[in-house]
Amino acid sequence: MSTVDQYIANAPTQHQAILMKVRQTILEAVPQAIEKISYQMPTYHYHENLVHFACAKKHVGFYPTPDAIQHFSKELAPYKTSKGAVQFPFDQEIPYPLIKDMAAWRLSVVQLAHGEN
């Protein structure tokens with residue numbers, strides 16, 4: 001797969017609408033980011049990779065970097081997390097506002113690191 005459209009089209013049908021909404025949510029938060037496939041998953045890049053997401057059997061994997069996992073640890077408490085990833089189960093409401101906030105936070109961190117406002 002070379003595009004995010006192809007990635008979503010190849011996901012299980014019952015998860016495609018959720019993946020499209022995750023994609024839309026990220027794009028709203030980081031409109032200047034370049035959308036691409038990296039590490040075999042949808043990736044949003046601005047100076048560096050900001051966030052990734054992926055479809056797993058029972059959850060959406062969201063990969064906003066370890067710093068974001070730590071920064072949003074209170075909000076992520078209900079979810080399974082690891083160093084740089086969080087799992088949003090398909091059988092629960094997907095927290096789109098949290099995804100948007102995390103993507104926007106990553107963009108602000110990267111912009112600050114590159115001397116942008």
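## Close-ups of a predicted model

**View 1. Tyr79 and the residues around it.** Leaving aside residues up to four places away in sequence, Tyr79 touches Val86, Gln87, Phe88, Pro89, Gln92, Glu93, Pro95 and Leu98. Keep in mind that this is a predicted model. To find Tyr79, look in the loop that runs between helix H4 (73–76) and strand S5 (80–81). Is Tyr79 buried or exposed? Its relative accessible area is 16%, and the cut-off for buried is under 20%, so Tyr79 counts as buried. For a sense of distance, pick out Ala29: it sits 50 residues from Tyr79 along the chain, and the C-alpha atoms of the two are separated by 21 Å.

**View 2. Phe62 and Phe88, a tilted pair.** There are four aromatic pairs in the structure. One of them brings together Phe62 and Phe88: the ring centres are 6.3 Å apart and the planes meet at 35°, so this pair is tilted. Phe62 belongs to strand S4 (residues 59–63) and Phe88 to strand S6 (residues 86–89), so the pair ties together parts that are 26 residues apart in sequence. Phe62 is buried, with 0% relative accessible area. Phe88 is buried too, at 1%.

**View 3. Tyr79 meets Phe88.** Here the loop residue from the opening view comes back, now paired with Phe88. How do the rings of Tyr79 and Phe88 sit relative to each other? Their centres are 4.9 Å apart and their planes are at 85°, so the pair is edge-to-face. Both of these residues are buried. Put the two pairs together and you get one aromatic cluster, formed by Phe62, Tyr79 and Phe88.

**View 4. Thr43 in strand S2.** Now for another spot: Thr43 has its place in strand S2, which covers residues 41–46. With a relative accessibility of 0%, Thr43 counts as buried. Which polar partners does the side chain of Thr43 have? It reaches the backbone oxygen of Met41 at 3.0 Å, and a polar contact of 2.7 Å joins it to the side chain of His52.

**View 5. The wider surroundings of Thr43.** Step back a little and look at what else Thr43 touches, again not counting residues up to four places away in sequence. On one stretch of the chain you'll find Ile34, Glu35, Lys36, Ile37 and Ser38. Asn49, Val51 and His52 are touched as well. His52 is thus a residue to look for twice, as it is also the side-chain partner in the 2.7 Å polar contact.

How values were computed: Residues are numbered from 1 along each chain as its sequence is written. This is a predicted model: local features need pLDDT of at least 70, side-chain atom pairs count only at pLDDT 80 or more; totals for chains, interfaces and linings use all residues. Side-chain values use heavy atoms; hydrogens and water are left out. Helices (H or I, at least four residues) and strands (E, at least two) are DSSP runs, numbered from the N terminus. Buried means under 20% relative accessible area, exposed over 50%, partly exposed in between (1.4 Å probe, protein chains only). A polar contact is a pair of N or O atoms within 3.5 Å; within protein, one must be able to donate a hydrogen and the other to accept it, and residues adjacent in sequence count only if both atoms are side-chain atoms. Contact means heavy atoms within 4.5 Å. Rings of Phe, Tyr and Trp (its six-membered ring) pair if their centres lie within 6.5 Å; planes under 30 degrees apart count as stacked, over 60 as edge-to-face and the rest as tilted.
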